[in-house]
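The following exercises concern one protein chain. Please examine the sequence and the model before reading the solutions.

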Amino acid sequence: MENNLSYIEDVLNRYKGKKGSLITILQQVQAKKGYLEQEALELVAKRTGMSTASIYGVVTFYAQFRLTPIGKHLIRVCHGTACHVQNAEGLTEAISSELGIKAGETTPDGLFTIETVACLGCCSLSPVIMIGEKVYGKLTTDKARKIIRDYKKMEMAS
Ligand code: FES
């Protein structure tokens, strides 16, 4: 079982015996694949001497951790201050309803993941979303819906 988890060995070795490093370990393990797979969490539990249940407790407490793979298109909706006052919440709701998932979730076909994030660094374009590396600014809920529909069409055509 541990063979296919060799990708996290270096992380586990780096923090071996270091107390208080669970969050860092989890962040670095997640950075490898974009999410925390169950087997990886079991191995982290084994090596840190913690129970799997308490590791899950930590993982589910922090929004930054993900237990399922990211979809093909990662949609990041900025909820930083500038975007917040420009209806980031409404954008998130519009995108959620287009895709039938909530923020933090991935569509069952694995195509889209919605994530809410802090400032994306382009506040003059607020409200902003990013899909992959592409920035979409000055959005309205209608524009956001259209963008998502265009992605869906593109996926259906491919
Ligand atoms: S607050 Fe959204 S880009 Fe800065």
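Two exercises with worked solutions follow.

This is a predicted model, in which local features need pLDDT of at least 70, side-chain atom pairs count only at pLDDT 80 or more, and totals for chains, interfaces and linings use all residues. Residues are numbered from 1 along each chain as its sequence is written.

**Exercise 1.** Determine which residues of α2 are buried and how they are arranged about the helix axis.

Solution. Step 1: α2, a DSSP run (H or I, at least four residues, numbered from the N terminus), covers residues 22-33. Step 2: Ile25, Leu26, Val29 and Gln30 are buried, that is, 20 or more other C-beta atoms, placed from the backbone, lie within 10 Å of their own. Step 3: these buried residues fall within an arc of 130° seen down the axis of α2, so they line one face of the helix; the arc is that of the directions from the axis to the C-beta atoms. Step 4: among the elements covering them are α1 (9-14), α3 (38-48) and α4 (52-61).

**Exercise 2.** Identify which element supplies the largest share of the largest nonpolar core.

Solution. Step 1: a nonpolar core is a set of buried Ala, Val, Leu, Ile, Met, Phe, Trp, Tyr and Cys residues joined through C-beta atoms within 7 Å. Step 2: the largest has 17 residues, and Val77, Cys78, Leu91, Ile95, Ile129 and Ala144 touch the most other members. Step 3: the largest share, 5 residues, comes from α6. Step 4: a second, separate core of 9 residues includes Ile25, Leu36, Val44 and Ile55.

Conventions. Helix = DSSP H or I, 4+ residues; strand = E, 2+ residues; numbered from the N terminus. Expected span 1.5 Å × (residues − 1). Buried ≥ 20, exposed ≤ 12 C-beta atoms within 10 Å, placed from the backbone. Contact = placed C-beta atoms within 7 Å.
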